[in-house]
Each structure stands twice: as structure tokens, then as C-alpha cells.
Amino acid sequence: MTFRTDPNGAMGTPGYMPPEMAFIRKGEHYSPKAWDVFSMAMLIYFMWSGKHPLLEFEQGFAINEEISKGTRPLLPTRMPSELRDIVRMMWAQKAHERLSMSEACILLNRCQDLDDNIEDG
């Protein structure tokens, strides 16, 4: 399911779209790089949980509404705490508070060695 937020503007998949994207108006300033960081955080959640973010809300517009209120999925407890912290910084509610993609990549690269501490589940 993909929604176009503006006839000439951005598109996205509910659950992976940042809060500001769902309700952006034509002519408003936006930060597509910050959008990508948010979406990447949701993708990391999906990879760890095997579930699409906020799928329990069923309707795409309901998912976008929940994200705009600050609702985020619960991160799996088996996910290393360092990675959970990075994901939380990546899906911050306000675009200017999110990590940049460069910052996110640096921190995520540091997590490569964490897989030795993960229990198989």
C-alpha cells in the first residue's frame, strides 16, 4: 500500500513514512534525507521483528495518524540495547532531531560486532 501525499509530491508506505511526510502541504519545506533516516529505522524494526510497523492499525491513514502522534512500534527485547538506542534516534518525531544518514551509518557500523552477543531465537 502506497499513498501519494500531494498530487505532485512525495509518496510513501504507511508505517515507514515519517510524521511530517503524511501531512505535508504543497510549498512547505521538507527534508527528504531525514525522511530516509526515519524509514530506515522502520526497516530495521521490520528486519528484527518480522512485522510491518504498526500493522495492528490496519488502515494506512490510521497508521500515519499514530506516527504523527509519536506512536512507534515496540522494539524486540532480543535487539541489542545499543541498536535500540540508535533506532530511537533515527525515528525521532521531529526531523531536525533525527540522526543524519552519515551519523546513523557510523553508529550502525559500530554494531556489527554485537551479533556475537545475540541469542538465537
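Buried means under 20% relative accessible area, exposed means over 50%, and partly exposed is in between (1.4 Å probe, protein chains only). Before we start: this is a predicted model, where local features need pLDDT of at least 70 and side-chain atom pairs count only at pLDDT 80 or more, while totals for chains, interfaces and linings use all residues. Residues are numbered from 1 along each chain as its sequence is written, and side-chain values use heavy atoms, with hydrogens and water left out.

**Exercise 1. Get your bearings**

Task: Work out how many helices and strands the protein has, and in which pattern they follow along the sequence.

Solution:
- Start with the counting rule: helices (H or I, at least four residues) and strands (E, at least two) are DSSP runs, numbered from the N terminus.
- On that basis there are 5 helices and 2 strands.
- Going along the sequence, you meet them as β-β-α-α-α-α-α.
- As for burial, 40% of the 121 residues are buried.

**Exercise 2. Look around Met-42**

Task: Find where Met-42 sits, decide whether Met-42 is buried or exposed, and list its contacts beyond its sequence neighbours.

Solution:
- Met-42 is part of helix α2.
- Its relative accessible area is 0%, so Met-42 is buried.
- Now for contacts, meaning heavy atoms within 4.5 Å. Skipping neighbours within four places in sequence, Met-42 touches Gly-15, Tyr-16, Pro-53, Ile-67, Arg-72, Pro-73 and Trp-91.
- Try one distance too: Met-42 and Arg-88 are 46 residues apart along the chain, and their C-alpha atoms are separated by 9.8 Å.
- Zooming out to the protein, take the contacts between residues at least 6 apart in sequence: 55% of them join residues at least 24 apart.

**Exercise 3. Hunt for salt bridges**

Task: Find how many salt bridges the whole structure holds, then go through the pairs.

Solution:
- The test is a side-chain nitrogen of Lys or Arg within 4 Å of a carboxyl oxygen of Asp or Glu.
- Searching the whole structure gives 3 salt bridges.
- Arg-98 pairs with Glu-20, at 2.8 Å from N to O. Arg-98 is in the loop between α4 (81–90) and α5 (101–110) and Glu-20 is in helix α1 (residues 19–22), so this pair ties together parts 78 residues apart in sequence. Arg-98 is buried at 6% relative accessibility, whereas Glu-20 is partly exposed at 24%.
- Lys-69 pairs with Glu-66, at 3.2 Å from N to O. Here Lys-69 is exposed, at 55%, and Glu-66 is buried, at 14%.
- Arg-88 pairs with Asp-85, with 3.6 Å between the closest N and O atoms. They are 3 residues apart in helix α4, so about one helical turn separates them. Arg-88 is partly exposed at 42%, and Asp-85 is partly exposed with a value of 42%.

**Exercise 4. Pack two helices**

Task: Describe how α4 and α5 are arranged, and say which residues make the contact.

Solution:
- Set up the geometry: axes are lines fitted to C-alpha atoms, for helices over the stretch in contact, and angles run from 0 to 180 degrees between N-to-C directions.
- For α4 and α5 the angle is about 170°, and the axes are 10 Å apart.
- Next, name the arrangement: under 35 degrees is roughly parallel, over 145 roughly antiparallel, 65 to 115 roughly perpendicular, and the rest oblique. The two helices are therefore roughly antiparallel.
- The contact uses Leu-83, Ile-86, Met-89 and Met-90 from α4, and Ala-104, Leu-107 and Leu-108 from α5.
- Sort these residues by type: 7 are nonpolar, none polar and none charged. (Nonpolar covers Ala, Val, Leu, Ile, Met, Phe, Trp, Tyr, Cys and Pro; charged covers Asp, Glu, Lys and Arg; the others, Gly among them, are polar.)

**Exercise 5. Check the backbone and the cysteines**

Task: Say what stands out about the phi of Leu-54, then count the disulfides.

Solution:
- Most residues other than glycine have a negative phi.
- Leu-54 is not a glycine, yet has a positive phi of about 55°.
- Leu-54 lies in the loop between α2 (32–49) and α3 (60–68), and is buried at 2% relative accessibility.
- For disulfides, look for a pair of cysteine sulfur atoms within 2.5 Å. The count is 0.
- Cys-105 is partly exposed at 34%, while Cys-111 is buried at 14%.
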